[in-house]
Amino acid sequence: MRTYTYAHIVGKVHAMRQISYWLDSAPAGVDYTSAAIPRQVDIAVIGGGLTGLSAAVHLADTGATVAVLEQHKLGWGASGRNGGMCTTGMAIGLLEAIRRYGVEAARGLYGQYDAAINLVEKLVAEEGIDCDFRRSGKLTLASKPAHYDRLRETHSALAEIGYEATLVPRDGLSAEIGSDTYWGGLVDPLGAGLHVGKFVRGLAGAADRRGVQLIEDATVTAVSRVSGQVHDVRSSRGTVRASQVLLATSGYSGRAVPRYRRRIVPIGSFVIVTEPLPRELIDELMPTRRMAADTKNLLFYFRITPDDRMLFGGRARFALSNPESDLKSGRILQRGMASVFPALAGSRVDYTWGGLVDMTRDQLPHAGEHDGHFYSMGYSGHGVQMATYMGSQMAAVMSGDPSANPWREFPWPAIPGHLGRPWFLPFVGAYYRMKDRIS
Ligand SMILES: Cc1cc2nc3c(=O)[nH]c(=O)nc-3n(C[C@H](O)[C@H](O)[C@H](O)COP(=O)(O)OP(=O)(O)OC[C@H]3O[C@@H](n4cnc5c(N)ncnc54)[C@H](O)[C@@H]3O)c2cc1C
């Protein structure tokens, strides 16, 4: 094995590409940066990630004329930057959901994530999206002995709400992972992995085929209600008049939508991706190729990409994502990867990037109608499946079925003291680091 030194890491980090591996390795999407802005549509969707594109596809199916306005490129936000893990993971976890809301409600919420993965699978099949979707299963790894007790409780709770999972004790873990870092695991067979760059561009293709007007490089600066069902959506490239508006801006909600900036806390999450690895090494490190995450608050998550690279991510620092922050986090992640998988200490890292996770205070998604417009966001780091699903559910809500919104009963007050810039992130980071030390 090669020696692992700080200089070595720095050298490797500087050779890395600071863009999302998913967007870089997917076939190039169509360029919509010079698409004309329509003057009037039935529905304007703001934000071209999984929520916005899925909503556009499902709204177009109702016969509505739809425009999607995206300030950069479609998939530029969290949807093109995540871990590509499409799992039942609720950010709060099943035990906390039961504690807060009771068994029946928790069963219902868990079931929504199950339904969300099914929807992704169905869209992939029906739209012919070639994105390496595979039901690999999700592997949750206990970072401490006491965390394995929690996994045991989760296992029982899953059985109680009618879901099967498999507990893996520490002495059986080598069948799942080639690392002695963890104290046991829990395998949920429903989880899936996909190439999220291909998926998001595939959804854009599905929207395009339905006549949705996809518009990139159009920053929405204001949404105003002119009267009852008439809204003006002002953008850097002109104004669209729409009968209905859906805000799908999640962790990237900016000044144009101040109400949501006070409710969403954008937190950086960071990812590195190695060079392609030999098959024999992958068979040692991750023989089952599941979507893996540990049980810490400042967790690591990792998986093998469809082309045999290790993708290793985490909330390396409680910071926003920008090129400097991403690079610093990349170094921390590279050290983290080497500690979990010493055999990868010398592996070249080809990509590092970061993105903004769309955290809410109660760590639940929030969706509904406010002041005449609709919104769906705040998936709290678990949006690959839920954002896609909420696109379809909000299409139903906007077509007159409010019961399609599984989050309609959850109140969503502004976060006291949060006016848009999350000044408190370092304190939150310190709190969770402390919790990770003592829990
Ligand atoms: C690093 C990272 C790893 C993650 N890993 C996972 C994972 O493995 N599994 C999982 O389930 N979830 C994961 N997530 C979370 C998941 O990616 C998100 O919850 C999900 O993609 C949100 O989709 P969205 O469409 O709502 O938002 P986004 O994809 O963020 O899209 C919002 C879009 O709105 C646009 N926008 C914002 N303001 C304006 C404006 N004024 N005008 C026009 N456009 C605007 C933005 O440019 C952006 O493209 C991860 C997130 C990050 C950052």
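## Helix 4 and its buried side

Contact here means heavy atoms within 4.5 Å, and helices are DSSP runs of H or I with at least four residues, numbered from the N terminus. By that contact criterion, the buried residues of helix 4 pack against helix 5 (103-126) and helix 6 (145-160). This is a predicted model, where local features need pLDDT of at least 70, side-chain atom pairs count only at pLDDT 80 or more, and totals for chains, interfaces and linings use all residues. Residues are numbered from 1 along each chain as its sequence is written, and side-chain values use heavy atoms, with hydrogens and water left out.

Helix 4 spans residues 93-101, and its Leu94, Ala97 and Ile98 are buried (under 20% relative accessible area, 1.4 Å probe, protein chains only). They lie on the same side of helix 4 because they cover an arc of only 100° around the axis, taken from the directions from the helix axis to the C-beta atoms. After helix 4 comes glycine 102, with a positive phi near 90°.

## Meeting helix 6

On the helix 4 side, Leu94, Leu95 and Ile98 meet Arg150, Glu153, Thr154, Ala157 and Leu158 of helix 6. The residues of this contact divide into five nonpolar, one polar and two charged; Ala, Leu and Ile are among those counted as nonpolar, while Glu and Arg count as charged.

## The nonpolar cores

A nonpolar core is a set of buried Ala, Val, Leu, Ile, Met, Phe, Trp, Tyr and Cys residues joined through side-chain atoms within 4.5 Å. The largest has 83 residues, and Leu94, Phe133, Phe199 and Leu214 touch the most other members. Helix 5 gives the most to this core, with ten residues.

Key: Buried means under 20% relative accessible area, exposed over 50%, partly exposed in between (1.4 Å probe, protein chains only). Helices (H or I, at least four residues) and strands (E, at least two) are DSSP runs, numbered from the N terminus.
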